[in-house]
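Here is a short walk through one structure. Keep the sequence and the 3D view side by side as you read.

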Amino acid sequence: MSLRSAAAGAIISLSLATPSLADDIAALQSSIASFSEAMMEQDYERIVDVVPRRVLEMMAGYANTDPETLRSAMIQQTRDVVASTEVLEFSIDATALSLQSTENGVSYAFLPTETLVMIPGTGKVRSETSTLAVFDDERWYFASIDSDQQATVIREAYPGFKAIDFPGGSSKVVE
């Protein structure tokens, strides 16, 4: 194979891959917009619907229930938690997406996330964290990863994340 034909093959392969990457990014940006809207509207069902399917199934197994029953319980729990707070701001930065892949081929991205909530008795709390976006089952899911427990759950559901460091985050009371 000549250098010219090898270069042409590489260009063709790259051009064939680019639309898929563009489609993946567009789908992720659409999912981010929908999730952000759900957060601001406190649409509990849509908020819970972004939990990765594998995580939901794994947790349902631990709870000796089915995924739909667990999903219903998670919706109620989210309603209870969010009802006691007021989401003032919520944003996920989708401007500089960097899609990556685990060693076993799961596409993902870390998305800088900023939330400002009003908590009764505490005041305004600003959190700067990252949201993990995971492409699975032909759609994008989101997971909070700002605690060790959340990271452990993701790593158990998706073993390819065991060798990946998750970014940290911070929360503080603001005026």
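**From charges to rings to a helix**

Start with D136 and R53, which form a salt bridge whose closest N and O atoms are 3.5 Å apart. The model is a predicted one. This pair links distant parts of the chain. D136 belongs to strand 4 (residues 123-136), R53 to helix 3, and their positions lie 83 residues apart in sequence. The two partners are not equally covered: D136 is buried, with a relative accessible area of 9%, whereas R53 is partly exposed, at 27%. Under 20% counts as buried. The pair is also part of something wider. Salt bridges with shared partners join R53, R54, E57, D136 and D137 into one network.

How many salt bridges does a search of the whole structure find? The search finds 12. Take E45 and R71 next. Their side chains meet in a salt bridge, 3.8 Å from N to O. E45 lies in helix 2 (residues 44-48) and R71 in helix 4 (residues 67-83), so this contact ties together parts that are 26 residues apart in sequence. E45 is partly exposed, with a relative accessible area of 43%. R71 counts as buried, at 16% relative accessibility.

R71 has another partner. Its side chain meets that of D49 in a salt bridge of 2.8 Å, N to O. Again the pair links distant parts of the chain, 22 residues apart. R71 is in helix 4, while D49 sits in the loop between helix 2 and helix 3 (53-62). D49 counts as partly exposed, at 30% relative accessibility.

Now turn to the rings. The structure holds 8 aromatic pairs. One of them is formed by Y108 and F110. A pair of aromatic rings is described by the distance of the centres and the angle of the planes. For Y108 and F110, the centres are 5.4 Å apart and the planes stand at 70°. The arrangement is called edge-to-face because the angle is over 60 degrees. Y108 counts as buried, with 4% relative accessibility. Both rings belong to one aromatic cluster, made up of Y108, F110, Y158, F161 and F166. A charge joins the scene at F166: the charged end of R155 sits over its ring, 4.2 Å from the centre.

Go back to strand 4 and look at its pairing. Strand 4 and strand 6 run antiparallel, joined by 5 bridges. Among the bridge partners are S127 and, in strand 6, S171. Is strand 6 largely buried or in the open? Of its 5 residues (170-174), the number buried is 0, so strand 6 lies largely in the open.

Finish with helix 5 (residues 148-157). Which residues there are buried? They include A151, I154 and A157. These three cover an arc of only 130° around the axis, which puts them on the same side of helix 5. The spacing fits a simple rule. An α-helix has 3.6 residues a turn, so residues three or four places apart point the same way. What covers the buried residues of helix 5 includes helix 3, strand 4 and strand 5 (139-144). The face turned away from this buried side carries the exposed residues D148 and Q149.

Key:
Residues numbered from 1 in each chain as written. Predicted model: local features only at pLDDT ≥ 70, side-chain atom pairs only at ≥ 80, totals over all residues. Heavy atoms only, no water. Salt bridge = Lys/Arg side-chain N within 4 Å of Asp/Glu carboxyl O. Helix = DSSP H or I, 4+ residues; strand = E, 2+ residues; numbered from the N terminus. Buried < 20%, exposed > 50% of the residue type's maximum accessible area, 1.4 Å probe, protein only. Phe/Tyr/Trp six-rings, centres within 6.5 Å; stacked < 30°, edge-to-face > 60°. Lys NZ or Arg CZ within 6 Å of the ring centre and 35° of its normal. Pairing = 2+ DSSP bridges. Arc of directions from axis to C-beta. Contact = heavy atoms within 4.5 Å.
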